[in-house]
Amino acid sequence: MIIGLTGSIASGKSTVAKMLEKYRFPIVDADQVARLVVEPGEPALTEIVAAFGEEILLEDGSLNRKKLGDLIFHDPSKRAILNGIIHPAIRKEMLRQRDEWLNNGAEVVIMDIPLLFESKLQHFVEKILVVSLSEEKQLERLMERNQLNEEEARARISSQLPLSVKEEGADAVIYNESTLEKTEQQLNYILKEWGLV
């Protein structure tokens, strides 16, 4: 079974991913893959340099994320060029990792994809597990975690699909509202329901 794990900013998806590690399920992490595909020597980095110039590299030949971020932040056309390079590379590497696990006999693979719905990657997985919480709690956690004011936090939250929409597309939802124990109980229950533990 291939499970897509997703949520929204400050919903606790990473916490649930850590809990899943205890079950020894292999995890394909989209954020790690995103860093991997732009390492020196990777084709995506070569393409990025061709599109944006050598000045987006640090002295050691690695990507200067801040410089690239500044370039694309206010320019949708440049952002589209970057996404056109990075997204296919990330997808390809995620599928390669997924298939490698399956070919090596893994029964279950977790695909940890923060923007699963936004990127329309539902077809990558067989089941979707959404980590959710109330908007108030999400706002509170994000402000606290990232030291943001309410306006900044709301802007970040609204850049993603609402959790209510993600819940509608989920096969199961973990409500990460209260204690870690409660969250873990829900996870365990879902895994039992799906016949995985």
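These legends go with close-up views of salt bridges in a predicted model.

**View 1. Asp112 and Lys13 pair up across the chain.** The side chains of Asp112 and Lys13 meet in a salt bridge here, at 2.6 Å from N to O. This pair ties together distant parts of the chain: Asp112 sits in strand 3 (residues 109-112), while Lys13 belongs to helix 1 (residues 13-21), 99 residues apart. Check the surroundings too, as both Asp112 and Lys13 are buried.

**View 2. Asp70 and Lys66 make a salt bridge within helix 4**. The closest N and O atoms of Asp70 and Lys66 are 2.9 Å apart. Both residues lie in helix 4 (residues 65-73), and because they are 4 residues apart, about one helical turn separates them. As for the surface, Lys66 is exposed, with 59% relative accessible area, and Asp70 comes out as partly exposed at 49%.

**View 3. Arg98 shakes hands with Asp99 through a salt bridge**. The N to O distance between the two side chains is 3.1 Å. Is Arg98 buried or exposed? Arg98 has 15% relative accessibility, so it counts as buried. Asp99, at 30% relative accessibility, counts as partly exposed.

**View 4. Glu93, Arg96 and Glu100 form a salt-bridge network**. Here the picture goes beyond a single pair, since three residues, Glu93, Arg96 and Glu100, are linked by salt bridges. As a general reminder, side chains of opposite charge can pair when their charged atoms come close. Across the whole structure there are 10 salt bridges, including the Asp70 to Lys66 one from View 2.

Conventions: Residues numbered from 1 in each chain as written. Predicted model: local features only at pLDDT ≥ 70, side-chain atom pairs only at ≥ 80, totals over all residues. Heavy atoms only, no water. Salt bridge = Lys/Arg side-chain N within 4 Å of Asp/Glu carboxyl O. Helix = DSSP H or I, 4+ residues; strand = E, 2+ residues; numbered from the N terminus. Buried < 20%, exposed > 50% of the residue type's maximum accessible area, 1.4 Å probe, protein only.
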